[in-house]
Amino acid sequence: KRPAAALDETEISLSFQEWLGSVVERINQTMHYQFDGYPDPLVFHVPQPFFDALQQRISAGCKKRRLPNSTVAFVRKDALPLGTFSKYTWHITNILHVKQIFDTPMMPLEVTRSFVENRDGTFEPYDAPKVEVETIAEAYRKIEGQQAIKPFELKTYLKVGNTSPDQKEPTPFVIEWIPDILPKSKIGELRIKFEYGHQRNGHMEIRRSIPIPEVEAML
């Protein structure tokens with residue numbers, strides 16, 4: 001048996017799109033039917049050049065670079081790293097813009113996900129086949145006038161903008177950036193905050209009307 005060839009660590013690299021695909025996979029994974037739709041922020045430690053590329057996507061289609069909705073300076077005394085930091089926050093309220101920011105050729109952002117319910121009350125993602133072949137039982141139910149409950153009638157959907165008729169303020173998809181958490185390595189902290197909703201057989205499910213207030217670990 002031949003010994004395995006040694007890896008040349010200088011040849012190992014990760015492209016921006018490969019990294020972004022891992023972020024998208026986390027977002028998709030988080031939109032799970034079993035949970036309430038108010039997930040904790042997703043936190044990533046990111047090289048500054050990767051965030052620069054992400055910020056370029058945020059500004060795509062604009063004549064000028066899109067400035068953050070807010071910029072806040074804060075002092076951290078009770079947890080490492082200590083010091084004064086800046087936090088830049090973007091609020092995205094258009095679902096197409098969110099897709100444009102995060103989509104990659106290998107890992108598209110799923111603005112809706114389908115699920116099946118297990119006998120024990122848990123849920124798991126359902127990937128519909130490209131061509132659905134109607135079974136004899138489904139055809140028979142149609143003849144008898146019975147509507148078959150299909151797996152894709154359990155859905156989650158990303159809440160961005162106005163997603164209900166009586167909504168007054170659009171729901172934002174929030175991107176936060178705190179640069180130089182690791183100043184020598186030029187690594188910053190990226191936080192992504194969002195909400196998602198649930199549908200059962202085309203009807204919206206209300207899981208919880210008021211999100212639990214978030215505790216800002218960084219502040």
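Helices H2 and H3 sit at an angle of about 150°, and anything over 145 degrees counts as roughly antiparallel, so that's the label this pair gets. Bear in mind that this is a predicted model. Beyond the helix pair, there's an open five-strand sheet to look at, plus a hairpin between E2 and E3.

**The H2/H3 pair**
- H2 covers residues 48-58 and H3 covers residues 95-102, with their axes 8 Å apart.
- The two helices cross in a right-handed way.
- On the H2 side, the contact is made by Leu54, Arg57 and Ile58; H3 answers with His97, Gln100, Ile101 and Phe102.
- Sort those contact residues by type and you get 4 nonpolar, 2 polar and 1 charged.

**The open sheet**
- Reading across the sheet, the strand order is E5-E4-E6-E9-E10, and the pairing is antiparallel.
- E5 (123-125) and E10 (203-205) are the edge strands, so to speak, each pairing on one side only.
- On average, neighbouring strands here are turned by 40° against each other, ignoring direction.
- Inside the sheet, E6 (residues 154-159) and E9 (residues 195-200) run antiparallel and are joined by 6 bridges.
- If you want a register marker, Lys159 stands opposite Glu195 in E9.

**The E2/E3 hairpin**
- E2 (residues 70-76) pairs with E3 (residues 83-92) over 7 bridges, again in the antiparallel sense.
- The hairpin linking E2 to E3 goes through 6 residues.
- For the register here, look at Val72, which stands opposite Lys87 in E3.

Technical notes. Residues numbered from 1 in each chain as written. Predicted model: local features only at pLDDT ≥ 70, side-chain atom pairs only at ≥ 80, totals over all residues. Heavy atoms only, no water. Pairing = 2+ DSSP bridges. Helix = DSSP H or I, 4+ residues; strand = E, 2+ residues; numbered from the N terminus. Axes fitted to C-alpha atoms, helices over the stretch in contact; angles between N-to-C directions. Parallel < 35°, antiparallel > 145°, perpendicular 65-115°, else oblique. Left-handed = near helix turned anticlockwise from the far one by under 90°. Contact = heavy atoms within 4.5 Å. Nonpolar A, V, L, I, M, F, W, Y, C, P; charged D, E, K, R; others polar.
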